[in-house]
Amino acid sequence: MNSWLDRIMQDLPEKQILTQLADRYSYSFDASFGEYLPEVVVQVKNKYEAATLLKIANDYKVPVYPRGAGTCLSGGPLPVHGGIVLDMSQWPQKIEMQAEDLIVTVSPSVHTADINKEAEGYGLMYAPDPSSAHVSTIGGNLAENSGGPRGLKYGVTKDSVIGLEVVTPEGEIIRTGGRTIKNVTGFDLTKLIVGCEGTLGVITEATLKLVPKPPAYQTIMVSFAEVRTAGQAISTTLTSGILPAKMEFMDQACIRAVEDFHPAGLPMDAGAVVIIELDGQPEAIKAETELLNVIMEQAGADRITIPETKEEAERVWHARKQVSPAIAKIKPTKVSEDATVPRSKIPDMLERLNDIRKKYHVEVVVFGHAGDGNLHPNVLCDKRDQEEMARVESAVEELFQAAIDLGGTLSGEHGIGTMKAPFMENELGAAGLDLMKRIKESWDPNNILNPGKIFPEQGQKLVLRDE
């Protein structure tokens with residue numbers, strides 16, 4: 001038995017240490033691609049256990065891979081160099097509301113949707129709303145800086161975080177930020193840790209900002225004959241003075257997939273639909289709805305549908321949420337990406353995606369949070385077909401480069417992980433990437449926390465095929 005494993009067995013509760021092959025296989029994959037078998041899985045349940053584990057790992061230079069619910073789409077928790085999976089999902093759940101300060105303190109294992117549910121009981125809202133909120137943990141959302149449809153108006157996860165408790169790679173417990181909205185004491189370590197994908201520290205507690213829940217909502221669905229027209233209408237809306245809470249996009253392939261999967265009354269003949277949600281005071285919403293009607297008509301909309309009841313609006317949003325399961329029926333494998341471009345470049349990005357679709361003879365469907373430029377091109381394929389997967393790899397590489405060429409970014413909310421690491425220098429340049437590496441080295445000199453993520457290793461390429 002390894003001496004470091006002996007230490008773990010000695011210093012941590014035995015029932016929280018998983019060494020059986022079946023258990024380890026359960027932690028060898030996430031929602032992306034690739035399987036890597038850890039040597040052991042440790043389910044920590046408090047900050048002292050996390051600190052103990054990291055001290056041992058640092059002493060023996062054993063890699064540690066923090067993991068929440070395993071819903072990551074970029075390979076963030078994959079144990080690419082074996083070592084230890086640090087499972088945070090069994091941590092006792094805690095949601096402590098401080099409604100008078102508009103904040104909440106949570107443990108890393110809490111499901112993100114439960115935070116918002118608790119806040120609603122006080123007339124408040126936790127704004128970030130990733131699609132996986134009902135199954136993903138807030139710890140994972142913090143590590144990946146997750147977004148969601150409401151990101152257009154309320155920002156992504158980092159915009160709602162004001163304080164953290166973190167265990168460093170050397171096993172020290174530190175606090176960053178605090179309970180106040182304004183805090184400019186020294187470097188903003190909170191923002192650095194949120195989105196670091198578990199490479200700088202393990203988050204054991206977070207203090208999050210809440211906002212008052214809007215008193216009224218209005219959904220609007222707009223259909224267009226052409227995808228480019230829809231993209232131009234999005235840009236026009238956002239420069240009009242109206243700031244929707246949500247502005248979602250579905251292309252024709254998505255529309256047809258949803259209607260075949262679970263009919264929702266979407267316009268099957270449309271080239272694209274844009275689904276909008278306004279929130280705020282009823283009088284303001286009424287005025288914005290009227291103005292939006294005019295904007296969309298002038299932009300060339302084919303049809304504008306304004307649900308009159310809450311139930312009708314819920315059916316529209318349910319249709320949007322059905323996209324992922326619907327397209328999964330088309331082909332057994334989907335490569336879900338989140339290339340993000342400036343809003344004005346959405347029509348150009350959609351055209352580039354169409355060119356990629358034709359060039360590599362792959363099936364690409366596009367949906368996502370178009371209001372902030374965060375598109376979700378999904379390449380539908382069959383991972384058992386090696387020839388097809390080779391074409392898919394080339395298509396995804398070109399997809400990433402297209403986003404960068406248009407002034408965009410590799411990832412709007414899924415993170416870099418293993419999937420996008422090979423392309424980091426394309427966006428950041430050699431000097432920018434080197435600076436990030438130096439930050440990582442100063443925080444984690446023995447490189448034990450989530451190695452193999454974000455930073456490309458020598459000769460690393462995107463691989464979607466089984467090798």
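Biologist: What makes arginine 179 and aspartate 101 a salt bridge?

Modeller: This is a predicted model, so every value here is computed from it. The closest N and O atoms of arginine 179 and aspartate 101 are 3.0 Å apart. The cut-off is within 4 Å, so the pair qualifies. Arginine 179 lies in the loop between β9 and α7, and aspartate 101 in the loop between β5 and β6, so the salt bridge ties together parts 78 residues apart in sequence.

Biologist: Why are arginine 179 and aspartate 101 called partly exposed?

Modeller: Arginine 179 has a relative accessible area of 46%. Aspartate 101 has 38%. Buried means under 20% and exposed means over 50%, so both residues fall in between.

Biologist: What makes lysine 331 and glutamate 388 a salt bridge?

Modeller: Their side chains meet at 2.6 Å, N to O. That is within 4 Å, so the pair counts. Lysine 331 sits in the loop between α12 and β16, and glutamate 388 in helix α14, so this pair joins parts 57 residues apart in sequence.

Biologist: How do you know whether glutamate 388 is buried or exposed?

Modeller: Its relative accessible area is 6%. Buried means under 20%, so glutamate 388 is buried. Lysine 331 has 26%, so it is partly exposed.

Biologist: What makes aspartate 338 and lysine 420 a salt bridge, and which parts of the chain do they link?

Modeller: The N to O distance is 2.4 Å. Again the limit is 4 Å, so the pair passes. The pair links distant parts of the chain, 82 residues apart: aspartate 338 is in the loop between β16 and α13, and lysine 420 in the loop between α14 and α15.

Biologist: Why do aspartate 338 and lysine 420 count as buried?

Modeller: Aspartate 338 has 0% relative accessibility. Lysine 420 has 1%. Both values are under 20%, so both residues count as buried.

Biologist: Which residues do shared salt-bridge partners join into one network?

Modeller: Lys47, Lys94, Glu165, Arg175 and Glu205. In total, the structure holds 24 salt bridges.

Biologist: How do you know that the span of helix α3 is close to the expected one?

Modeller: Helix α3 covers residues 47–60, which is 14 residues. From its first C-alpha to its last it reaches 20 Å. The expected span at 1.5 Å a residue is also 20 Å, so the two values agree closely. Among the buried residues of α3 are Leu53, Leu54 and Ile56.

Biologist: What lies at the two ends of α3?

Modeller: At the start, a side-chain oxygen of asparagine 46 reaches to within 3.0 Å of the backbone nitrogen of tyrosine 48. After the helix comes lysine 61, with a positive phi near 55°.

Biologist: What makes Leu21, Tyr25 and Leu37 a nonpolar patch on the surface?

Modeller: Together they have about 270 Å² of accessible area. A patch residue needs over 30% relative accessible area, and leucine 21 has 44%, so it clears that cut-off. Leucine 21 lies in helix α2.

Biologist: Why is strand β14 called mostly covered?

Modeller: Nine of its nine residues are buried. Ala272, Val274, Ile276, Leu278 and Gly280 point one way, while Val273, Ile275, Glu277 and Asp279 point the other.

Biologist: How do you know that β12 and β14 pair?

Modeller: They share nine bridges in the antiparallel sense. Pairing needs at least two bridges, so β12 and β14 pair. Valine 222 stands opposite valine 274 in β14. Strand β13 is joined to β14 by six bridges, also antiparallel. There, aspartate 251 has alanine 272 as its bridge partner in β14.

Key. Residues numbered from 1 in each chain as written. Predicted model: local features only at pLDDT ≥ 70, side-chain atom pairs only at ≥ 80, totals over all residues. Heavy atoms only, no water. Helix = DSSP H or I, 4+ residues; strand = E, 2+ residues; numbered from the N terminus. Buried < 20%, exposed > 50% of the residue type's maximum accessible area, 1.4 Å probe, protein only. Polar contact = N/O pair within 3.5 Å; in protein donor to acceptor, adjacent residues only side chain to side chain. Patch = residues over 30% accessible without salt bridge, like charges linked within 9 Å, V, L, I, M, F, W, Y side chains within 5 Å. Areas by Shrake-Rupley, 256 points an atom, 1.4 Å probe, with all protein chains shown as cover.
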